[in-house]
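Please find below a reviewer's note on the model under discussion. The points are numbered so that each can be checked against the coordinates.

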Amino acid sequence: MIAKLETLFLAHPRSVGESYFEHTFFALWFAGQLGLAALAALCHAILPFTCEKTASTIVARLFERTHNRGK
């Protein structure tokens, strides 16, 4: 049972070279960045002259930060 829980909670963080808590904090930071991108996109949807490239810039930066993790 303990081994199964360890696999469930630790296999993925280890696959990207992080501890459980490092991975947790990274995932929370990532979610926050996505939230900011969503807010920028919402502002842009209502007021097209605002945040013209903000959401796409954030998403591109996130992709650059994550696309080679665990390789």
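The points below take up the core, the salt bridges, the surface patch and the aromatic pairs of this predicted model.

1. Nonpolar core. The largest nonpolar core is made up of five residues, namely Ala37, Ala40, Ala55, Ile58 and Leu62. Two helices, α2 (20-46) and α3 (54-66), each contribute at least two of these residues. The largest share, three residues, is supplied by α3. In soluble globular proteins, nonpolar side chains tend to be buried together.

2. Contacts of Ala55. Which residues does Ala55 touch, once its neighbours within four places in sequence are set aside? Ala55 is then in contact with Ala37, Ala40 and Ala41. Of these partners, Ala37 and Ala40 are themselves listed in the largest nonpolar core.

3. Salt bridge between Arg14 and Glu6. The structure contains two salt bridges. In one of them the side chains of Arg14 and Glu6 meet, with an N to O distance of 3.4 Å. Arg14 counts as exposed because its relative accessibility, 54%, lies over the 50% limit. Glu6, at 38% relative accessibility, counts as partly exposed.

4. Salt bridge between Glu18 and Arg69. Here the closest N and O atoms are 2.4 Å apart. The pair links distant parts of the chain: Glu18 belongs to the loop between α1 (2-15) and α2, whereas Arg69 lies in the segment after α3, and the two are 51 residues apart. Is Glu18 buried or exposed? With a relative accessible area of 17%, Glu18 falls under the 20% limit and is therefore buried. Arg69 has a relative accessible area of 24% and is partly exposed. As a general matter, side chains of opposite charge can pair when their charged atoms come close.

5. Nonpolar surface patch. A nonpolar patch on the surface is formed by Met1, Ile2, Leu5, Leu8, Phe9, Tyr20, Phe21, Phe25 and Leu28, which together have about 1,100 Å² of accessible area. Helices α1 and α2 each supply at least two residues of this patch. One of its members, Phe21, is found in helix α2. Phe21 is exposed, its relative accessible area being 55%. Phe21 also forms one aromatic cluster with Phe9 and Tyr20, and these two residues likewise appear in the patch.

6. Phe26 and Trp29. The count of aromatic pairs comes to four. In the pair of Phe26 and Trp29, the ring centres are 5.6 Å apart and the planes stand at 40°, so the pair is tilted. The two residues are three residues apart in helix α2, which means that about one helical turn separates them. Phe26 is buried, with a relative accessible area of 14%, whereas Trp29 counts as partly exposed at 32% relative accessibility.

7. Phe26 and Phe30. The ring of Phe26 also pairs with that of Phe30: their centres lie 6.1 Å apart and their planes are at 40°, so this pair is tilted. Both residues belong to helix α2, where they are four residues apart, about one turn of the helix. Phe30 counts as partly exposed, at 23% relative accessibility. Phe26 thus takes part in a pair with Trp29 and in a pair with Phe30.

Terms used: Residues numbered from 1 in each chain as written. Predicted model: local features only at pLDDT ≥ 70, side-chain atom pairs only at ≥ 80, totals over all residues. Heavy atoms only, no water. Core = buried A, V, L, I, M, F, W, Y, C linked by side-chain atoms within 4.5 Å. Buried < 20%, exposed > 50% of the residue type's maximum accessible area, 1.4 Å probe, protein only. Contact = heavy atoms within 4.5 Å. Salt bridge = Lys/Arg side-chain N within 4 Å of Asp/Glu carboxyl O. Patch = residues over 30% accessible without salt bridge, like charges linked within 9 Å, V, L, I, M, F, W, Y side chains within 5 Å. Areas by Shrake-Rupley, 256 points an atom, 1.4 Å probe, with all protein chains shown as cover. Phe/Tyr/Trp six-rings, centres within 6.5 Å; stacked < 30°, edge-to-face > 60°.
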